[in-house]
Amino acid sequence: MRCKMTNRRKYIVDTTLRDGEQSPGMAFSIREKVTIAKSLDALGVSRIEAGTPAMGREECRAFEKIKLACQKAQIISWNRMNLGDISQSIDCGTDIIHVCVPASDLLIREKLRTTRSQVLETLSACAAAIHDEKRELTIGLEDASRADWDFVVLLIETARDLGATTLRFSDTVGIMSPSLCKATISRIPDNIDIEVHMHNDLGMAVANSIQGLRSGAKYADSTLFGIGERAGNCNLEHLLIATQGQLDFGISLDELQWRQADLKSIIYKNKLTYA
């Protein structure tokens, strides 16, 4: 059982450059990605999920430039659960290699066309490849909010045994409520750091993120302006406003607001998108 919040200090994983770029009409050049990453780094964001190296050489070039531009933030690469993705992330020099593991039977059956046992076997092979290169491993449970709880627990135990430093619990289709989030996150064993990744399909990404943090999560994923696929992700500004005096992310709300104002012309440069 995960202990309730005893430490106000929490951390942001910004996914503007990965999940945020999946918004309709959203696409950033390398220069724009570097500008956004530098601003997030200066703001005090702990980790920046900068994209998916498996998308190709252009994405890897962006990673290399982002890594050089950022002084403090750790740079994360997002990967499907396969060795090809892992190899490209290693080549890009990313700090943290994140492996996305489909957790629900629906995704295992329809997306991967495989079995639970094969998921565990493939995950072990990916983890070994990452550790061979002495990179930090984090593991994400895709569609965890619709997964069988016993299998979720097995995946969490496997992640810990494979040396993952952080376990991302993803409400991939945005169906959770704060009460369900509290009941779920508080049940996770406290021997691995938890990160919550919430989508806004029902308008509760911020509320669910707050509840996840209060229930023991150390990290919350968010984006600038709350951009992201479908209805978006947890809005960083709204998260900071709603938790003022309660949680400490090491980020100034005033600074975030003026930095967002500077970045708005980049993020909303396409007329098909709007703030």
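Asp143 is buried, with a relative accessible area of 1%. Its phi is near 60 degrees, a positive value in a residue other than glycine. This is a predicted model. The briefing starts with two such backbone positions, then turns to salt bridges, a pocket and one helix.

**Positive phi outside glycine**

- Asp143 sits in the loop between S5 and helix H6 (149–161).
- Arg230 is not a glycine either, yet has a positive phi of about 55 degrees.
- The loop that holds Arg230 runs between strand S8 (219–222) and helix H9 (236–242).
- Arg230 is partly exposed, with a relative accessible area of 44%. Asp143, by contrast, is buried at 1%.

**Salt bridges**

- The structure holds 24 salt bridges. Three of the pairs are described here.
- Arg18 and Asp19 are one pair, joined through their side chains at 3.7 Å, N to O.
- Asp19 counts as buried because its relative accessible area is 1%, and buried means under 20%.
- Arg18 is buried too, at 11%.
- Lys33 and Glu59 form another salt bridge, with their closest N and O atoms 2.7 Å apart.
- Lys33 belongs to helix H1 (residues 30–43) and Glu59 to helix H2 (residues 57–69), so this pair ties together parts that are 26 residues apart in sequence.
- Lys33 and Glu59 are both buried.
- Arg160 and Asp161 make a further salt bridge, at 3.2 Å from N to O.
- Arg160 is partly exposed, at 33% relative accessibility. Asp161 is exposed, at 59%.
- Elsewhere, salt bridges with shared partners link Arg18, Asp19, Glu49, Arg168, Glu195 and Asp221 into one network.

**The largest pocket**

- The largest pocket encloses about 370 Å³ of space.
- Its lining has 22 residues, and those closest to the centre are Arg18, Asp19, Gln22, Trp78 and Glu229.
- Four strands each give two or more residues to the lining: S3 (74–80), S4 (96–102), S5 (136–142) and S6 (166–171).
- By class, the lining holds 9 charged, 9 polar and 4 nonpolar residues.
- Arg18 and Asp19 thus appear in two settings. They are among the residues closest to the pocket centre, and they also meet in a salt bridge.

**Helix H5**

- Helix H5 covers residues 116–132, a run of 17 residues.
- From first C-alpha to last, H5 reaches 25 Å, close to the 24 Å expected at 1.5 Å a residue.
- Val119, Leu123, Cys126, Ala127 and Ile130 are buried in H5.
- These buried residues cover an arc of only 100 degrees around the axis, which puts them on the same side of H5.
- An α-helix has 3.6 residues a turn, so residues three or four places apart point the same way.
- Ser117, Glu121 and Asp132 are exposed, and they lie on the face of H5 turned away from its buried side.

**Points to keep in view**

- Buried charged side chains recur in the salt bridges: Asp19, Arg18, and the pair Lys33 and Glu59.
- Arg160 and Asp161 pair in a salt bridge, with Arg160 partly exposed and Asp161 exposed.
- H5 has a buried side and a face turned away from it that carries exposed residues.

Conventions:
Residues are numbered from 1 along each chain as its sequence is written. This is a predicted model: local features need pLDDT of at least 70, side-chain atom pairs count only at pLDDT 80 or more; totals for chains, interfaces and linings use all residues. Side-chain values use heavy atoms; hydrogens and water are left out. A salt bridge is a side-chain nitrogen of Lys or Arg within 4 Å of a carboxyl oxygen of Asp or Glu. Buried means under 20% relative accessible area, exposed over 50%, partly exposed in between (1.4 Å probe, protein chains only). On a 1 Å grid over the protein atoms alone, a cavity is a set of points where a 1.4 Å probe fits but cannot get out, and a pocket is an open set with protein on both sides within 12 Å along at least five of seven lines; lining residues have an atom within 4 Å of a point. Grid points are joined across faces, edges and corners, and a volume is the space filled by probe spheres set on the points. Ala, Val, Leu, Ile, Met, Phe, Trp, Tyr, Cys and Pro count as nonpolar, Asp, Glu, Lys and Arg as charged, and the others, Gly among them, as polar. The expected span of a helix is 1.5 Å times one less than its number of residues. The arc is that of the directions from the helix axis to the C-beta atoms.
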